[in-house]
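Subject: Structure handover

Hello,

The structure we spoke about is below. My notes on what was found in it follow, salt bridges first and helix packing after that.

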Amino acid sequence: MLGIPTKEDKFFALFRQCTDVVCEATEKLETLFTQDSVSEEDAEAVHELEHKADDITTEIVDRLNSTFITPLDREDIYTLAQVLDDVVDHSQGAVERMTLYKTQKPSIATQEIVHNIVLASKEIKKAFLCLNNIHFKKSEILAATEKIYQLESAGDKLYRHEVARLFECEKDPIEIIKWKEILEHVENTLDHCETIADLLKGVVLKYD
């Protein structure tokens with residue numbers, strides 16, 4: 001009947017909800033990384049977004065288990081949902097450690113990496129908005145994946161330089177341990193954005 005969403009529509013709607021949470025979490029990450037410190041309240045706000053992403057992922061998996069015909073390959077739907085959730089998980093992990101370790105404001109380079117994550121998240125959202133019309137929106141999806149690759153490459157260079165700077169300039173070994181762990185979570189967040197780009201590119205090729 002007209003106006004009633006199909007099961008296909010529901011998968012794409014859930015993906016859109018998840019990308020909204022991804023963008024919200026990474027934008028919150030960027031805001032917190034420009035502050036002098038991260039409060040427990042700030043950390044809890046990001047933790048709530050992580051729970052929201054978990055709930056959406058669970059709903060996608062449950063729907064996969066109860067749906068006979070899916071709009072994309074089951075494995076693609078499952079993996080895309082899991083990696084979207086991973087982006088939020090690592091964002092939350094970075095914020096959690098900032099709070100636990102009572103760190104000060106991150107370096108400019110670290111803030112730039114996080115900004116790349118935000119931009120990559122927006123490209124992910126653009127691509128997922130095109131996913132339900134994959135045959136006609138192929139070029140838009142591939143353009144988004146290419147932008148994500150560029151952002152990840154730039155972020156990877158910043159990460160390597162920042163780790164090198166940390167070991168060269170920081171005299172306190174405890175601070176080195178703290179920031180290296182935080183940087184690893186930030187880098188993993190961006191790496192998972194690249195993984196999503198890989199998956200999306202693979203999906204486009206399947207349905208070309």
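In helix α6, Glu 175 and Lys 178 form a salt bridge, with 3.4 Å between the closest N and O atoms. Please keep in mind throughout that this is a predicted model. The two residues are 3 apart in α6, which means that about one helical turn separates them. Their accessibilities fall on either side of the 20% cut-off for burial. Glu 175 has a relative accessible area of 22% and is therefore partly exposed, whereas Lys 178, at 18%, counts as buried.

The structure has 12 salt bridges in total. Two others are described here.

The one between Lys 206 and Asp 73 has an N to O distance of 3.0 Å and is made by their side chains. Lys 206 belongs to helix α6, while Asp 73 sits in the loop between α2 (40-66) and α3 (74-100), so this pair ties together parts that lie 133 residues apart in sequence. Both ends are partly exposed: the relative accessible area is 47% for Lys 206 and 34% for Asp 73. Asp 76 comes in as well, since salt bridges with shared partners join Asp 73, Asp 76 and Lys 206 into one network.

The other is between Glu 96 and Arg 97, where the closest N and O atoms are 3.3 Å apart. Glu 96 is partly exposed, at 33% relative accessible area, and Arg 97 is buried, at 17%.

Now the helix packing. Helix α4 (residues 108-129) packs with helix α6 (residues 173-206) at an angle of about 25°, and the axes are 10 Å apart. Angles under 35 degrees count as roughly parallel, so α4 is roughly parallel to α6. The crossing of α4 past α6 is left-handed.

On the α4 side, the contact is made by Thr 110, Ile 113, Val 114, Asn 116, Ile 117, Ala 120, Ile 124, Ala 127 and Phe 128. On the α6 side, the residues are Leu 183, Val 186, Thr 189, Leu 190, Cys 193, Ile 196 and Leu 200. What is the make-up of this contact in nonpolar, polar and charged residues? It has 13 nonpolar residues and 3 polar ones, and no charged residue takes part.

To recap for α6: this helix packs with α4, holds the Glu 175 and Lys 178 pair, and supplies Lys 206 for the salt bridge to Asp 73.

Regards

Terms used. Residues are numbered from 1 along each chain as its sequence is written. This is a predicted model: local features need pLDDT of at least 70, side-chain atom pairs count only at pLDDT 80 or more; totals for chains, interfaces and linings use all residues. Side-chain values use heavy atoms; hydrogens and water are left out. Axes are lines fitted to C-alpha atoms, for helices over the stretch in contact, and angles run from 0 to 180 degrees between N-to-C directions. Helices (H or I, at least four residues) and strands (E, at least two) are DSSP runs, numbered from the N terminus. Angles under 35 degrees count as roughly parallel, over 145 as roughly antiparallel, 65 to 115 as roughly perpendicular and the rest as oblique. A crossing is left-handed if the near helix is turned anticlockwise from the far one by less than a right angle, and right-handed if clockwise. Contact means heavy atoms within 4.5 Å. Ala, Val, Leu, Ile, Met, Phe, Trp, Tyr, Cys and Pro count as nonpolar, Asp, Glu, Lys and Arg as charged, and the others, Gly among them, as polar. A salt bridge is a side-chain nitrogen of Lys or Arg within 4 Å of a carboxyl oxygen of Asp or Glu. Buried means under 20% relative accessible area, exposed over 50%, partly exposed in between (1.4 Å probe, protein chains only).
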